[in-house]
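Hi,

Here is the structure I promised to send over. Have a look at it first, and then read on for what turned up.

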Amino acid sequence: MKRLHLFFISLMALAVVGCSTSLDTYKNVEPHLKLEAFFNGELEAYGIVQDYSGEVIQRFRVDLVGSWEGNEGVLDETFYYADGSTQKRIWHLTKTAPDRYEGRASDVEGVAEGKVAGNTLNWTYVLNIELDGEPFAVKLDDWLYLVDEDNMINRTQMYKYGFNVGEITLYIGKK
């Protein structure tokens, strides 16, 4: 009986781990996200990076300036970290379909691919970061949730070799 009980507990744990939110869950949530509208003009962001255990290992602020011409956009980001370091990232964005976007940046391997449903964008890509002075590529599963026309929450899971190695939480607001 004890083995059967353990089997069912294991099965339930596997089912919970295997469940994830689908982007389609958000297809009817308003306001609808249009990257070219939200990321246009000056924005400011505040965030934290947590390691795999949940410990906050970095705090930061970001100044962002976005501009769009047709289906092409540029998002210029300047990061200011609590340790005093700074970083620059310039995204080159392309709207490839009514609900799809691509992005390129110098520290992103290949092309970032994103899809919008309702107020939400799910964006996946590989980001090259520096860890203890060495290059380190992590896969990002990025979820951006439009709260209202001026505010967004961004939650990102970071993976290496399929294992969760950390999380980024970010608030983005229009200036």
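A quick word on terms before the details: two strands count as paired if DSSP finds at least two bridges between them. Also keep in mind that this is a predicted model.

Let's start with the strands S1, S2 and S3. S1 covers residues 41-51 and S2 covers residues 56-69; the two run antiparallel, with 10 bridges joining them. If you want a spot to orient yourself, find Ala45, which sits opposite Val62 of S2. The hairpin of S1 and S2 has 4 residues between the strands, and Gly54 there has a positive phi near 100°.

S2 also pairs with S3, residues 72-81: again the strands are antiparallel, and 10 bridges hold that pairing. Here Val65 has Asp76 in S3 as its bridge partner. The hairpin of S2 and S3 leaves 2 residues between the strands, and Gly70 in that hairpin takes a positive phi near 65°.

Further along the chain, have a look at S8, S9 and S10. S8 (residues 134-148) runs antiparallel to S9, and 9 bridges join them. Trp143 is paired with Arg155 in S9, and the hairpin from S8 to S9 goes through 2 residues.

On its other pairing, S9 meets S10 (residues 163-174), antiparallel once more and with 10 bridges. Met158 has Gly166 in S10 as its bridge partner. In the hairpin of S9 and S10, with 2 residues between the strands, the positive phi belongs to Tyr161, near 55°.

S9 itself, residues 151-160, is worth turning around on your screen. One face is covered and carries Met152, Asn154, Thr156, Met158 and Lys160. The uncovered face has Asn151, Ile153, Arg155, Gln157 and Tyr159. So two residues from the pairings above land on opposite faces: Met158 on the covered one and Arg155 on the uncovered one, because that is how S9 divides.Now for the surface. Which residues form a nonpolar patch there? They are Tyr46, Val147, Ile153 and Tyr171, and together they have about 340 Å² of accessible area. Ile153 is on the uncovered face of S9, while Tyr46 is found in S1. Is Tyr46 buried, exposed or partly exposed? Its relative accessible area is 41%, so Tyr46 is partly exposed, as that class lies between the 20% and 50% cut-offs.

Happy to go through any of this with you.

Cheers

Note on methods: Residues numbered from 1 in each chain as written. Predicted model: local features only at pLDDT ≥ 70, side-chain atom pairs only at ≥ 80, totals over all residues. Heavy atoms only, no water. Patch = residues over 30% accessible without salt bridge, like charges linked within 9 Å, V, L, I, M, F, W, Y side chains within 5 Å. Areas by Shrake-Rupley, 256 points an atom, 1.4 Å probe, with all protein chains shown as cover. Salt bridge = Lys/Arg side-chain N within 4 Å of Asp/Glu carboxyl O. Buried < 20%, exposed > 50% of the residue type's maximum accessible area, 1.4 Å probe, protein only.
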